[in-house]
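Visitor: Please select one part of this protein and examine it closely. I should then like to see how that part is connected to the rest of the fold.

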Amino acid sequence: MSVPVVGICAAVERVSWGVWDGYEVTLAPRNYVRALQRAGAIALVLPPDEAAVDDPDLLLDRIDGLLLAGGADIDPAGYGAEAHPETKGTWPERDRFELALTRRALERDMPVLGICRGMQLINVALGGTLDQHLPESIGDGRHRSIAGSFGTHQVRLAEGSLACGAAGTDGLLVMSHHHQGIDRLGEGLEVTGWSVDDDIAEAIELPDRAFALGVVWHPEEDEASEIIPALVEAARGALLSDSESDAPQERAA
């Protein structure tokens, strides 16, 4: 069986451990890696790289699918807005890198899954904007209720959508932790998932691509979730399609 390689875009953070304080690192939460490995993929962590901003194919040629992970707020300058006081911890170099990879991956019709920040990034990559602080819009902080933990709520998914097919159901209980959401929808995107309590957009997808999906909840935290396995299956299909074509593209050495 062919083993697909799925790239996970890494966060940039300052961490402290041992004698080190505020040490700058690139990292990916291990539950993303575990979820990909359980589904039969090789997980490849991709740190921000200015060379790949100019030429995303340097990295995309080495993978079969792209996972855009959660993390810090996206710099609103990237979608022409001023920062809200609650927009914090931005890393413009990460944004540039992930936006470049996302746009090119979508051009190539490479399987792409965005989770939390990753869903928001897909929207920005296609010209959309973000609501920078949902508690002001909906009147409470239910989508990020407890610092450092995941809250739960019900989501409904459009029947026949990619989101519904990937989840294996049109309604589910999800884990979330976010304070931003979709404002203006990016070009070509459709909202296919909503929070039952307040109709906040929970899933978006690009219907003219084989697998381009964003979910604002965290399926990597739920071992029973079928969302990340669906990405792996799409990446496996893309790998097999390349290997069976008349002129297969060789992965860069």
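Guide: With a relative accessible area of 45%, D199 is partly exposed; that class lies between buried, under 20%, and exposed, over 50%, as judged with a 1.4 Å probe on protein chains only. The model is a predicted one, in which local features need pLDDT of at least 70 and side-chain atom pairs count only at pLDDT 80 or more, whereas totals for chains, interfaces and linings use all residues. Residues are numbered from 1 along each chain as its sequence is written, and side-chain values use heavy atoms, with hydrogens and water left out.

The partner of D199 is R156: the two form a salt bridge whose closest N and O atoms are 2.9 Å apart, the term requiring a side-chain nitrogen of Lys or Arg within 4 Å of a carboxyl oxygen of Asp or Glu. This pair joins distant parts of the chain, 43 residues apart, with R156 in strand 8 and D199 in the loop between strand 11 (190–195) and strand 12. Strands here are DSSP runs of E with at least two residues, and helices are runs of H or I with at least four, each numbered from the N terminus. R156 is also partly exposed, at 36% relative accessibility.

Strand 12 (residues 201–205) contains A203. A203 counts as buried because its relative accessible area is 0%. Leaving aside residues up to four places away in sequence, A203 touches M119, L157, A163, E190, V191, T192, G193, G214, V215 and W217, a contact being heavy atoms within 4.5 Å. By contrast, W17 lies 36 Å from A203, C-alpha to C-alpha, at a sequence separation of 186 residues. W17 belongs to a nonpolar surface patch with V19, W20 and Y23, together offering about 500 Å² of accessible area. Such patches comprise residues with over 30% relative accessible area and no salt bridge, nonpolar side chains (Val, Leu, Ile, Met, Phe, Trp, Tyr) being joined within 5 Å and like charges within 9 Å; the areas come from the Shrake-Rupley method with a 1.4 Å probe, and for residues only the protein chains shown count as cover.

From A203 the path leads to L157. Under the same sequence exclusion of up to four places, the contacts of L157 include A163, L172, W194, A203 and W217. L157 and W217 are also among the residues that touch the most other members of the largest nonpolar core, a set of 32 residues; L36, L67, L113 and I115 complete that group. A nonpolar core is a set of buried Ala, Val, Leu, Ile, Met, Phe, Trp, Tyr and Cys residues joined through side-chain atoms within 4.5 Å. Elements that each supply at least two residues of this core include helix 1 (30–38), strand 6 (112–115), strand 8 (151–157), strand 13 (212–215) and helix 8 (227–244). Helix 8 contributes the most, with 6 residues. A separate second core, of 31 residues, includes V5, C9, L46 and A125.

L113 sits in strand 6, and its relative accessible area of 0% makes it buried. L66, L67, L68, F211, L213, I227, I228 and L231 are its contacts once residues up to four places away in sequence are excluded. Between the C-alpha atoms of L113 and I204 the separation is 10 Å, although their positions lie 91 residues apart along the chain.

M119, a contact of A203, is one of the buried residues of helix 5. All 9 of the 9 residues of helix 5 (residues 117–125) are buried, so this helix is largely enclosed by the rest of the structure. After helix 5 comes G127, with a positive phi near 90 degrees.

The pair described at the outset is part of a wider set, for 13 salt bridges are found in the whole structure. Side chains of opposite charge can pair when their charged atoms come close. E50 and R96 are joined in this way, with 3.1 Å between their closest N and O atoms; E50 is in helix 2 (residues 50–54) and R96 in helix 4 (residues 92–107), 46 residues apart. Another salt bridge brings together the side chains of R108 and D61, at 2.8 Å from N to O. These residues also take part in a network of salt bridges that links D57, D61, R104, E107 and R108.
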